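Open the model in your viewer and keep the sequence panel beside it. This tour tells you what to select at each stop and what you will find there.

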Amino acid sequence: MGLDIGIISIQYLDRPDGHAYDFAWRLAEEANVNGYMGGESNSWGGFEKEHVRQMLEDFAEARDWTDREESEVWAWVESLPWEGDTIELHFNW
């Protein structure tokens, strides 16, 4: 078995707005705690779609969002460049 080496490239996405922006911060916190890397002003982590769906449901419930508000954020989540049911996201602030 040999050692393979690859380059990781970051494709920055448009910042979400509204409640999706608030939820994106929640994802960044999750990546910082449970992700691959966390630091003073960045984090990187992998997510499964079902886990993100549960996170969103919990987040929306805690903030008493309407179904419409939650659906708008879910539309943003769905628009992310998923690789099947997984995604790796990098957050920088």
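**Stop 1: a strand pair.** Select Phe-47 and Ile-87; Ile-87 in E3 is the bridge partner of Phe-47. Now widen the selection to strand E2 (residues 42-48) and to E3: the two run antiparallel and are joined by seven bridges. Strands count as paired if DSSP finds at least two bridges between them. Next, pick Gly-46, which stands opposite Glu-88 in E3.

A word on the model before going on. This is a predicted model, in which local features need pLDDT of at least 70, side-chain atom pairs count only at pLDDT 80 or more, and totals for chains, interfaces and linings use all residues. Residues are numbered from 1 along each chain as its sequence is written, and side-chain values use heavy atoms, with hydrogens and water left out.

**Stop 2: two faces of each strand.** Stay on E2 and show side chains. Ser-43, Gly-45 and Phe-47 point to one face and are buried. Asn-42, Trp-44, Gly-46 and Glu-48 point to the other face and are not buried. Buried means under 20% relative accessible area, exposed means over 50%, and partly exposed lies in between (1.4 Å probe, protein chains only). In a regular strand the side chains alternate between the two faces of the sheet.

Which residues of E3 sit on its covered face? In strand E3 (residues 86-92), they are Ile-87, Leu-89 and Phe-91. The uncovered face holds Thr-86, Glu-88, His-90 and Asn-92.

**Stop 3: the whole chain.** Zoom out. The chain has three helices and three strands. Helices (H or I, at least four residues) and strands (E, at least two) are DSSP runs, numbered from the N terminus. Read along the sequence, the pattern is α-β-β-α-α-β. The C-alpha atoms fill a box of roughly 50 × 30 × 25 Å, taken along the principal axes. Of the 93 residues, 29% count as buried.

Color by pLDDT, the predictor's confidence in each residue, from 0 to 100. The chain mean is 93, and 98% of residues reach 70 or more. Confidence is highest in helix H2 (residues 49-62), at a mean of 98, and lowest in strand E1 (residues 37-38), at 70. Where pLDDT is low, the predicted coordinates should not be read in detail.

**Stop 4: a loop glycine.** Select Gly-39, in the loop between E1 and E2. Gly-39 counts as partly exposed because its relative accessibility is 33%. Add Asn-92 and draw a C-alpha to C-alpha distance: the two are 53 residues apart in sequence, yet 9.4 Å apart in space.

**Stop 5: Glu-30.** Move to helix H1 and select Glu-30. Is this residue buried or exposed? Glu-30 is buried, because its relative accessibility is 14%. Show His-51 too: a polar contact of 3.0 Å joins the two side chains. Such a contact is a pair of N or O atoms within 3.5 Å; within protein, one must be able to donate a hydrogen and the other to accept it, and residues adjacent in sequence count only if both atoms are side-chain atoms.

**Stop 6: salt bridges.** A salt bridge is a side-chain nitrogen of Lys or Arg within 4 Å of a carboxyl oxygen of Asp or Glu. By this rule there are three.

- Keep Glu-30 and add Arg-26. Their closest N and O atoms are 3.3 Å apart. Both lie in H1, four residues apart, about one turn of the helix. Arg-26 is partly exposed, at 25% relative accessibility.
- Select Lys-49 and Glu-78, whose closest N and O atoms are 3.6 Å apart. Lys-49 lies in helix H2 and Glu-78 in helix H3 (residues 67-79), so the pair ties together parts that are 29 residues apart in sequence. Lys-49 is buried, at 17%, while Glu-78 is partly exposed, at 35%.
- Select Arg-68 and Glu-72, with closest N and O atoms 3.2 Å apart. They are four residues apart in helix H3, so about one helical turn separates them. Arg-68 is exposed, at 64%, and Glu-72 is partly exposed, at 44%.

**Last stop: a surface patch.** Select Tyr-21, Trp-25 and Trp-93, which make a nonpolar surface patch of about 290 Å². Patches are made of residues with over 30% relative accessible area and no salt bridge; nonpolar side chains (Val, Leu, Ile, Met, Phe, Trp, Tyr) are joined within 5 Å, and like charges within 9 Å. Tyr-21 is in helix H1 (residues 18-34) and is partly exposed, at 33% relative accessibility.

Notes. Accessible areas come from the Shrake-Rupley method with a 1.4 Å probe; for residues, only the protein chains shown count as cover.
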